[in-house]
Amino acid sequence: MIACDCPVCQSADKKDKRLRASILVQSEHTTIAVDAGPDFRYQMLRANVKHLDAILFTHPHKDHVAGLDDVRAFNFFSQQPMKVYANKMTQEVIIREFPYAFYESKYPGVPEIQLLNIDMEPFLVGDIQVTPVLVWHLKMPVLGFRFGKFTYITDANNIEPVEKDKIRGSEVLVLNTLRKEKHISHYSLWEGVEVAQELQIPQTYFTHLSHQMGKHADVDLELPDGINLAWDTQVINL
Ligand SMILES: [Zn+2]
Ligand SMILES: [Zn+2]
Ligand SMILES: [Zn+2]
């Protein structure tokens, strides 16, 4: 957090350096980003991403959409618009917040975006099958995504039983937990542990961690087997 002197923000451990939540999902032929928050540009540079087939959006909060403008570099090299998958609510916010990308006559160099609708049906991006999972962020519907044996859920504090069934059977789940104390629209650490255990996921990682969560090394030690904190630049091979 900007200007914060707490032990997490001042920690020298690289696992305590937390940018905004996002993941890259890659198969042999396809690369997808989930969300493009304010750190998108640096995250793409850091991961040395040369080509992106699509961006999937979970929900329209600023910490998940603010970096979309930077797809212009991918447009330049691929000479293609970026495929952006989102539900109607998120599409409306994208059009409102990046209006210059949607004008009839565009200023040269603005991002080229192809908006594609996500209903709740599974769909293919290249050779990656995507199954949307509906979760609740207080009163906002948010999309989680299942890719084969891997499921990514962020910005949730409630998941209905029928949607939990879509997550069951995953080998790895990434789930948001903001901090130890209860929060109005995010799972807390121990609520996240309950979800992971209820769904009997072999390995769960927590993401979207606030500095209020405490230091990675300390919190990770308190967690049950098969449940860990995620960290920026972590790679999971499945
Ligand atoms: Zn802090
Ligand atoms: Zn949010
Ligand atoms: Zn968020």
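## Close-up views of zinc sites and a sheet

**Along the sequence, the residues that donate to the zinc ion (ligand 2) follow the spacing H-x1-H-x75-H-x17-D.** His59 sits in the loop between strand E3 (54–56) and helix H2 (62–65), while His137 belongs to strand E7 (residues 128–137), so this pair ties together parts that are 78 residues apart in sequence. Please keep in mind that this close-up, like the others here, comes from a predicted model. The protein atoms to look for around the ion are His59 NE2, His61 ND1, His137 NE2 and an Asp155 OD, at 2.2 to 2.3 Å from the zinc. What makes this arrangement irregular? The 4 donor atoms subtend angles of 88 to 173 degrees, and a tetrahedral site would need all angles to lie between 85 and 135 degrees. Two of the ligating histidines are worth a second look for their surroundings: His59 is buried because its relative accessibility is 0%, and His137, with a relative accessible area of 4%, is buried as well.

**Asp155 bridges the zinc ion (ligand 2) and the zinc ion (ligand 3).** The ions lie 3.5 Å apart, and Asp155 coordinates both. His64 is in helix H2 and Asp155 in the loop between strand E9 (150–153) and helix H5 (161–167), so here the pair connects parts that are 91 residues apart in sequence. Is the bridging residue Asp155 buried or exposed? Asp155 has a relative accessibility of 1%, so it counts as buried.

**The zinc ion (ligand 3) is held by Asp63, His64, Asp155 and His208.** The donor atoms are OD of Asp63, NE2 of His64, OD of Asp155 and NE2 of His208, found 2.1 to 2.2 Å from the ion. Reading along the chain, their spacing is D-H-x90-D-x52-H. Angles among the 4 donor atoms run from 94 to 158 degrees, and the site is irregular. His64 is buried, as its relative accessibility is 1%.

**Cysteines and a histidine surround the zinc ion (ligand 1).** Cys4, Cys6 and Cys9 each offer SG, and His211 offers ND1, at 2.0 to 2.3 Å from the metal. The donor spacing is C-x1-C-x2-C-x201-H. Which geometry does this site have? Its 4 donor atoms subtend angles of 106 to 114 degrees, which makes the arrangement tetrahedral. For comparison, the ideal angle for four tetrahedral donors is 109.5 degrees. Cys4 has 16% relative accessibility and Cys9 has 19%, so both count as buried, the cut-off being under 20%. If you are scanning the model for disulfides, the structure holds 0 of them.

**An open sheet is built from 5 strands in the order E1-E2-E3-E4-E5.** The pairing is mixed. Strand E1 (23–26) and strand E5 (113–117) stand at the edges with a single partner strand each, so one side of each has no neighbour in the sheet. From one strand to the next, the twist averages 25 degrees. E1 and strand E2 (residues 31–34) run antiparallel and are joined by 4 bridges. To find your way between these strands, start at Val25, whose bridge partner in E2 is Ile32. Helix H4 (residues 88–97) packs on the sheet, where it touches strand E4 (82–86) and E5. The direction of H4 makes about 160 degrees with that of E5.

Definitions and conventions: Residues are numbered from 1 along each chain as its sequence is written. Chains are lettered from A and ligands numbered from 1 in the order in which they are written. This is a predicted model: local features need pLDDT of at least 70, side-chain atom pairs count only at pLDDT 80 or more; totals for chains, interfaces and linings use all residues. Side-chain values use heavy atoms; hydrogens and water are left out. Donors are N, O and S atoms within 2.8 Å of the metal (3.2 Å for Na, K and Ca); water is not among the atoms, so sites may look incomplete. Four donors count as tetrahedral if all angles lie between 85 and 135 degrees; four count as square planar and six as octahedral if opposite donors are over 155 degrees apart and all others between 65 and 115; anything else is irregular. Helices (H or I, at least four residues) and strands (E, at least two) are DSSP runs, numbered from the N terminus. Buried means under 20% relative accessible area, exposed over 50%, partly exposed in between (1.4 Å probe, protein chains only). Two strands pair if DSSP finds at least two bridges between them. Axes are lines fitted to C-alpha atoms, for helices over the stretch in contact, and angles run from 0 to 180 degrees between N-to-C directions. Contact means heavy atoms within 4.5 Å. A disulfide is a pair of cysteine sulfur atoms within 2.5 Å.
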